[in-house]
Amino acid sequence: MLSKKQTIEALDVIANMYPDAECELTHSNSFELLIAVVLSAQCTDALVNKVTPRLFSKYKRPEDYVRVPLEELEQDIRSIGLFRSKAKNIKKLAQALLEEYNGEVPKERDELVKLAGVGRKTANVVTSVAFGVPAIAVDTHVERVSKRLAICRWKDNVREVEETLMKKIPENRWSDSHHQLIFFGRYHCKAQSPQCGICPLLDRCREGQKRMKVQKKI
């Protein structure tokens with residue numbers, strides 16, 4: 001595994017590649033971000049962004065989601081995967097926001113994860129992006145890149161990946177590194193066709209070196 005120093009060096013390279021990396025989910029406030037992140041589970045940000053402009057013009061407050069019939073909300077998000085369960089969760093979390101948080105999105109991760117459809121990753125995104133609290137949300141891109149670069153172990157679960165990253169990355173860089181790792185995984189170190197041949201981290205990436213050897217044999 002990479003040492004703390006080596007991890008920071010690798011992240012410096014990624015930061016130079018994607019200095020402007022940020023949350024790509026369309027939103028204008030913490031409530032819209034929360035809804036967008038819930039919708040993005042097992043779904044691309046690009047697809048979510050096709051749905052949310054119309055959704056957010058129709059539903060502006062938790063009350064709006066509570067009042068709408070479930071079937072109507074399902075139709076509004078039908079193009080998104082798992083739309084039925086997501087519609088149920090959105091109505092439940094909207095109700096909880098009204099009953100327990102005066103209609104406001106809580107800033108604390110421990111409170112956010114109590115909401116329907118909100119796991120640790122979603123809570124980390126909301127606290128980091130909406131409220132500026134340092135956090136590392138481990139999605140598929142962050143997990144894949146962390147393991148390919150040997151920042152973490154292949155056998156680590158998502159929580160272990162998060163904890164390792166938090167130990168190896170200075171806290172003031174958590175949020176930026178989270179977005180930069182996502183961009184690196186989404187646009188460069190892709191799941192199916194990583195750009196190993198032109199990767200500036202190839203010299204320190206055993207996974208990439210293995211892939212290049214296989215390509216040379218073919």
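Arg159 has a relative accessibility of 42% and therefore counts as partly exposed, a class that lies between buried (under 20% relative accessible area) and exposed (over 50%), judged with a 1.4 Å probe on protein chains only. The model in which Arg159 sits is a predicted one, in which local features need a pLDDT of at least 70 and side-chain atom pairs count only at pLDDT 80 or more, whereas totals for chains, interfaces and linings use all residues. Residues are numbered from 1 along each chain as its sequence is written, and side-chain values rest on heavy atoms, with hydrogens and water left out.

The side chain of Arg159 meets that of Glu163 in a salt bridge, with 3.4 Å from N to O; the term stands for a side-chain nitrogen of Lys or Arg within 4 Å of a carboxyl oxygen of Asp or Glu. Both residues belong to helix H10 (residues 158-168), where they are four residues, or about one turn of the helix, apart. Helices here are DSSP runs of H or I with at least four residues, numbered from the N terminus. Glu163, like its partner, counts as partly exposed, in its case at 35% relative accessibility.

In total the structure holds 17 salt bridges, and another of them joins Lys147 to Glu143, whose closest N and O atoms are 2.9 Å apart. These two residues are four places apart in helix H9 (residues 140-148), so about one helical turn separates them. Lys147 counts as buried at 9% relative accessibility, while Glu143 is partly exposed at 21%. Arg153 and Asp156 form a further salt bridge, in which the closest N and O atoms are 2.9 Å apart; here Arg153 is partly exposed at 37% relative accessibility, and Asp156 is buried at 3%. Salt bridges also link Lys5, Glu9, Asp203 and Arg204 into a network.

Between H9 and H10 runs a loop that contains Ala150, a residue that is buried, with a relative accessible area of 11%. The phi angle of Ala150 is near 65°, a positive value in a residue other than glycine. Most residues other than glycine have a negative phi. Gln42 also has a positive phi, near 55°, without being a glycine. Gln42 lies in the loop between H2 and H3, and with a relative accessible area of 77% it is exposed.

Following the chain onward from Gln42 leads to helix H3, which covers residues 45-58. Its 14 residues reach 20 Å from the first C-alpha to the last, close to the 20 Å expected at 1.5 Å a residue, where the expected span is 1.5 Å times one less than the number of residues. H3 nevertheless has a kink of about 40° at Thr52, shortly before the proline Pro53; the bend at a residue is the angle between axes fitted to the seven residues ending there and the seven starting there. Thr52 is also one of the buried residues of H3, which include Asp45, Val48, Asn49, Val51, Leu55 and Phe56 as well. Among the elements that cover these buried residues are helix H2 (30-39), helix H4 (62-67), helix H5 (70-76) and H11.

The last region to visit is the loop between helix H11 (174-187) and helix H12 (206-217), where Cys199 has its place. An unreviewed UniProt entry lists Cys189, Cys196, Cys199 and Cys205 under "binding site". Although these residues span 17 residues in sequence, no two of their C-alpha atoms are more than 11.1 Å apart, so they gather at one spot. Such annotations may be inferred rather than shown by experiment; their positions follow the numbering used here, and feature names are shortened.

Cys199 is buried, with a relative accessible area of 16%, and, when residues up to four places away in sequence are not counted, it touches Phe184 and His188, contact being defined as heavy atoms within 4.5 Å. Cys205, found in the loop between H11 and H12, is likewise buried, at 10%; with residues up to four places away in sequence again left out, Cys205 touches Arg148 and Leu149.

His188 has its place in the loop between H11 and H12 too, and this histidine is buried, with a relative accessible area of 5%. Leaving aside its neighbours within four places in sequence, the contacts of His188 include Met17, Tyr18, Phe183, Ser193, Pro194, Gln195, Ile198 and Pro200, together with Cys199.
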